[in-house]
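Colleague: Before I use this model, I would like the reasoning behind its labels. Shall we go through them in turn?

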Amino acid sequence: MKAAVVLVASLVAAQAPPAARHWARGQIIRVWVDPLNAPPGGDLLVERAMRTWTRAADGRFTLQKMAGMTDAPVRVHFMSADYRYGVTAPRVDRVTGLIVRAEVAVAADAGRTPLERSIIVYLTALHELGHALGLEHTTDNRTIMYLFREPGDGERFFDAYAQRVRSIDDIGSDQATGLSSDDVTTLRALYDR
C-alpha cells in the first residue's frame, strides 16, 4: 500500500491546471479496484459510486469495472485514514488536454460502525471519482464535491447522508445517490463543452 500512496503523491505534482479537464465524451472509462487493504464490501461500494456517476452522465461516458489493472486507466486503491478521507491524481494529455489516467485512494478504515465506514467509503469514492472525471472542489456543503474546510465538516456531511439510509443496502441507491442536482448539472456541463 505504501507504494500506491507514494504513486498517488507523485502524480499530484503532474496534474494539469484545473481548467476544464475531462475524459473524451462518450468514452468507456475502465476502472480497476485494488483488493489490497480493501474494507469488507469496499469494491461493491466503489462500483456503486461508479454506477451513480455513469447514470448522472446520461451517456456522456460510462465507468466500467475491470477485473485486472492492466487495461484500466483509473485505479482505485484503499489507504489508511490520515487527515484526508481520500486523494485523486488525474493525468492529462498535454496535447489534447483530456484526462487519460487517474489514481484514486480512498480511506478504508474511517468510521466507528460498519454502516458509518461503508457510508464514508462510498461517499469518498464518489467524491474522488468526481475528481478523476474532472470535477473540482466546491464551497457548497450540499454537493459531493464539497471541500471539507471546517472542523467537523466530515462528521456533519456523513451524518446528513446517514439520515437517508437505513442499511448498507441503501447506500448508493436511487434514493441516496449522494449527488445533488448541482453535481449533476456541473458534470453534464463539463462534458458538454
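Colleague: Which residue in β5 is the bridge partner of Val92?

Modeller: Ile99 is the partner of Val92. Bear in mind that the model is predicted.

Colleague: What makes β4 and β5 a pair?

Modeller: Pairing requires at least two bridges between the strands, and β4 and β5 have seven, in the antiparallel sense. Besides the bridge to Val92, β5 has one from Ala102 to Pro90. The two strands form a hairpin with six residues between them. In the turn, Gly97 has a positive phi of about 80°.

Colleague: How do you know that β3 and β5 pair, and in which sense?

Modeller: Six bridges link β3 and β5, in the parallel sense, and the requirement is at least two. Val74 stands opposite Ala102 of β5. Ala102 is also the bridge partner of Pro90.

Colleague: What is the strand order of the sheet, and is it open or closed?

Modeller: The sheet is open, with five strands in the order β2-β1-β3-β5-β4 and mixed pairing.

Colleague: Why are β2 and β4 said to stand at the edges?

Modeller: Because β2 (61–66) and β4 (86–92) each have a single partner strand, one side of each is left without a neighbour in the sheet. From one strand to the next, the twist averages 20°.

Colleague: What makes you call β5 mostly covered?

Modeller: A residue is buried when its relative accessible area is under 20%, and seven of the nine residues of β5 meet that condition.

Colleague: Which helix packs on the sheet, and which strands does that helix touch?

Modeller: Helix α3 (residues 114–132) does, touching β3 (74–79), β4 and β5. The direction of α3 makes about 160° with that of β5. Angles over 145 degrees count as roughly antiparallel, so α3 is roughly antiparallel to β5.

Colleague: Why is α2 called roughly perpendicular to α5?

Modeller: Helix α2 (residues 42–57) and helix α5 (residues 181–191) pack at about 65°, with their axes 9 Å apart. The class runs from 65 to 115 degrees, so α2 counts as roughly perpendicular to α5. The crossing is right-handed.

Colleague: Which residues make that contact, and how do they divide by type?

Modeller: From α2 come Trp53, Arg55, Ala56 and Ala57, and from α5 Val184, Leu187 and Arg188. Five are nonpolar, none is polar and two are charged. Arg counts as charged, while Trp, Ala, Val and Leu count as nonpolar.

Note on methods: Residues are numbered from 1 along each chain as its sequence is written. This is a predicted model: local features need pLDDT of at least 70, side-chain atom pairs count only at pLDDT 80 or more; totals for chains, interfaces and linings use all residues. Side-chain values use heavy atoms; hydrogens and water are left out. Helices (H or I, at least four residues) and strands (E, at least two) are DSSP runs, numbered from the N terminus. Axes are lines fitted to C-alpha atoms, for helices over the stretch in contact, and angles run from 0 to 180 degrees between N-to-C directions. Contact means heavy atoms within 4.5 Å. Buried means under 20% relative accessible area, exposed over 50%, partly exposed in between (1.4 Å probe, protein chains only). Angles under 35 degrees count as roughly parallel, over 145 as roughly antiparallel, 65 to 115 as roughly perpendicular and the rest as oblique. A crossing is left-handed if the near helix is turned anticlockwise from the far one by less than a right angle, and right-handed if clockwise.
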